[in-house]
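User: I am new to this structure. Please pick one part and take a close look at it, then walk me outward to other parts worth a visit.

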Amino acid sequence: MEKRSEQDLLSLPETLPLLPVRDIVVFPYMVLPLFISREKSIKALEEALSKDRLIFLVAQQNLNEEEPSLKDLYQVGTVAIVMKMLKLPDGKVKILIQGLSKASIKEVLRTTPFFLVRLENIKDPFITEITLETEALMRNVKEQLERIVSYGKLLSPDLMFVLESVDDPGRLADLVASNLDLTVEKAQEILEIFDPVQRLRALNEVLGKEVQVLTMQAKIQSQAKEEITKSQREYFLREQMRAIRSELGEVDERTKELRELRQKIKKANMPKEVEKEARRELSRLEQMHPDAAEASMVRTYLDWLVEMPWSRSTVDSLDIRKAKKVLDEDHYNLEKVKERILEFLSVRKLKRKMKGPILCFIGPPGVGKTSLGRSIARALGRKFVRISLGGIRDEAEIRGHRRTYIGAMPGRIIQSIKQAGTNNPVFMMDEVDKIGNDFRGDPASALLEVLDPEQNYAFSDHYLNVPFDLSKVMFITTGNLTDPIPSALRDRMEIIHLPGYTDIEKVKIARTFLLPRQMEENGISPKELQISDKAILQIISQYTQEAGLRNLERQLASICRKVARKVAEGKKEKTVIHTRNIHRFLGPPPFLPDEEQKRNEIGVATGLAWTETGGEILHVEASTTPGKGNLILTGHLGEVMKESAQAALTYARSKSKAYRIKPEAFNNKEIHIHVPAGAIPKDGPSAGITMAVALISVLTGTPIRKDVAMTGEITLRGRVLPVGGLKEKALAALRNNIKKVVIPYLNKKDLTDLPSYVRKKIDFLPVKHMDEVLRIALAKNRS
């Protein structure tokens, strides 16, 4: 192949075929191979080979464009000569080209079957003399290129020798730029700088930035290498230390730790499959580097395995009389619960191997559900652990996290068992009716395995990943209501209702437990404070409104603190609290009893209602006014109470002849039923017969007896259906000095659960039909 002389370069043809190139900008004096596959490019190559082998190379702006148009190409490119050409089997063509001179597109003569363009040749300005600045710039470029090579940049071995003989700044810039890995945009920017010195200056800036990047890269690599060298050195020294200790007969810390773990595994008395898993993990730990991240995870896992009470149990105290004494010491009444615990102890005494019961205490706040669990543990001689399930939404709280997660821990069940240190504690789970669920799972469903005696003998926590026997654990759950507990979970538990305490029971509990405890906590002796039973009863009825004892204890604590202040100020006389001076310590009473009816009234019936804080009386008022026969219901009533009122009205219509109610009374009068207080929501079927009595009373003009209260659901045919909460309702009647209570006949069986003094003071009147209710409730004389 002939080399073209400078004279030849001055006489380049004006029109040449155009070849678009991707990923590279071709500079003058640059020799490189190209692979050509596009049909248009091959046609342009053939045109060049058929003439003087010259072709115009220009870079694409959009590298992804397969069929670029002129607007996708840069305007400045390089005229090159095709030195070699080779056709490949797959249809592609490989060529070797050498850049000759820069040129720009002056005019497009043809676009098919290839680009043919008219060019304007671009010559570098002729430099007659190399100035000192230019000489310094050329030397700086060469030195920076040498530094780049010293940092390991791969460049052509002959490039440095060629550059030593180059004294033209433009040619030097083109040679260096063509051998650097520049982006297409940056290389094109340098190509389009026509002044040689300016082009060299721009290239010098690029080289300076590249030197800075390579310097920082070398620094980072050096730091990493130093860290690796340091770790290797520490490992080598540690191994030397181990060898020296071995020669001296000493044991290093790691070997000592592994030996202790092996002994703990042996002493833990694990089940065979658990011990097998523990030994497998110990073998893995022995093979790990002590500083490895996984080593600490395996070590923690083994600590959990060896510390779990696989075979450690407490011996149950099977003395039935002693257990009864302990339960009576801690709690007053609650006979059903105490009887169930003594039954368990009796069976346990006769049969050594038995599954632990799963009890569920349901009752209002403050009735002693949690403290009862502690008493049970004390009576049995077992350890006591407690967790609260209120607000739990993550299933992992029960089952634990898998060990693949950072910071993984066992669930709260396994954590509490480890905390107890035995495999048969009394395990209390509070607030079982307040479990939530979300995208992290359903904790209530996870509890199904825990609280199922047929499954919990092999409970598998996600962290331990080995079965643990929970069948010896006595599980006790607590809650306020049964409705929010899922039916599947409720089915697995033996539910015991704690309905709350009567006023008399509260007085005895306050005298026996609460007052002595508050006096001790506030540093008061019996010589400094005395409270009468009537004063305690007044606190219960007028300063608290609850089924439990928490507010009562708070009020007693408030009295004790005020007395403690008097004692601290030097007053030595004994403080005696009675009904006349209690307001000085607790202020005016917030809950005053309802005013008693002074006489029998028309349309005012006394009902009984159940609330979470105990029972209450409910006055149902009925009245009629001229109108179109509509039924008006007020008093913030729920849907069930509204339906009860409709049922009562229908019953009254059906019995209009029997009670001598004129038909026009239903058509020409508005019937209004109101249940005070209007701001308090009310619902439930218990007021059905009360509404019917008030309705028939106002329609017949017959007064209702003031000394009779009633509760029961009504049907359209007048049948009286049973209701719940009879104990609380009876206590409410007793507090309000009501001596006769009408109850459904089917609730007669529930009277055995009432305290004997309540049955003596109240005359309970079981009824089957509404006719019986009216005979009892309505006064004989009409107004």
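**A close look at Ser656**

Analyst: Ser656 sits in a loop, with helix H22 (639-654) before it and helix H23 (664-667) after it. Keep in mind that this is a predicted model. Is Ser656 buried or exposed? Its relative accessibility is 13%, so Ser656 counts as buried; the cut-off for that is under 20%. Setting aside residues up to four places away in sequence, Ser656 touches Ile661 and Phe666.

Now step back to H22, the helix before this loop. H22 packs against helix H24 (residues 688-700). The angle is about 45°, and the axes are 8 Å apart. H22 and H24 are therefore oblique to each other. Their crossing is right-handed. From H22, the contact takes in Met641, Ser644, Ala645, Ala648, Leu649, Tyr651 and Ala652. From H24 come Gly688, Met691, Ala692, Leu695 and Ile696. What kinds of residue make up this contact of H22 with H24? There are 10 nonpolar and 2 polar residues, and no charged ones.

Another loop makes a useful second stop. His578 is placed between strand S15 (575-577) and helix H21 (583-586). At 24% relative accessibility, His578 counts as partly exposed, whereas Ser656 counts as buried. Leaving out neighbours within four places in sequence, His578 is in contact with Ser532 and Ala535. Ser532 is 46 residues away from His578 along the chain. Yet the C-alpha atoms of His578 and Ser532 are separated by 5.7 Å.

Next, look at helix H25 (residues 726-735). Of its 10 residues, 8 are buried, so H25 is largely enclosed by the rest of the structure. The buried residues include Leu726, Leu731, Ala730, Ala732 and Ala733. Lys727, Glu728 and Lys729 are buried too. Just after H25 comes Asn737, with a positive phi of about 60°.

Now move to an earlier part of the chain, where helix H9 (residues 272-287) packs with helix H10 (residues 293-307). Their axes are 10 Å apart, at an angle of about 155°. H9 and H10 are therefore roughly antiparallel to each other. The crossing of H9 and H10 is left-handed. On the H9 side, the contact is formed by Val274, Glu277, Ala278, Glu281, Leu282, Arg284 and Leu285. On the H10 side, Glu294, Ala295, Val298, Arg299, Tyr301, Leu302 and Leu305 take part. This contact of H9 with H10 has 9 nonpolar and 5 charged residues, with no polar ones.

H9 also packs with helix H8 (residues 253-267). Here the angle is about 175°, with the axes 10 Å apart. H8 and H9 are therefore roughly antiparallel to each other. Arg254, Leu258, Leu261, Arg262, Ile265 and Lys266 of H8 meet a set of H9 residues. Among the H9 partners are Glu275, Ala278, Arg279, Leu282 and Leu285. The contact of H8 with H9 divides into 6 nonpolar, 1 polar and 6 charged residues. Ala278, Leu282 and Leu285 meet H10, and these H9 residues also meet H8.

Finally, a word on confidence. The protein chain averages a pLDDT of 85, and 95% of the residues score at least 70. Residues 1-10 have a pLDDT below 50. That stretch has 10 contacts in the model beyond near neighbours in sequence. Where pLDDT is low, the predicted coordinates should not be read in detail.

Technical notes. Residues numbered from 1 in each chain as written. Predicted model: local features only at pLDDT ≥ 70, side-chain atom pairs only at ≥ 80, totals over all residues. Heavy atoms only, no water. Helix = DSSP H or I, 4+ residues; strand = E, 2+ residues; numbered from the N terminus. Buried < 20%, exposed > 50% of the residue type's maximum accessible area, 1.4 Å probe, protein only. Contact = heavy atoms within 4.5 Å. Axes fitted to C-alpha atoms, helices over the stretch in contact; angles between N-to-C directions. Parallel < 35°, antiparallel > 145°, perpendicular 65-115°, else oblique. Left-handed = near helix turned anticlockwise from the far one by under 90°. Nonpolar A, V, L, I, M, F, W, Y, C, P; charged D, E, K, R; others polar. pLDDT = per-residue confidence, 0-100.
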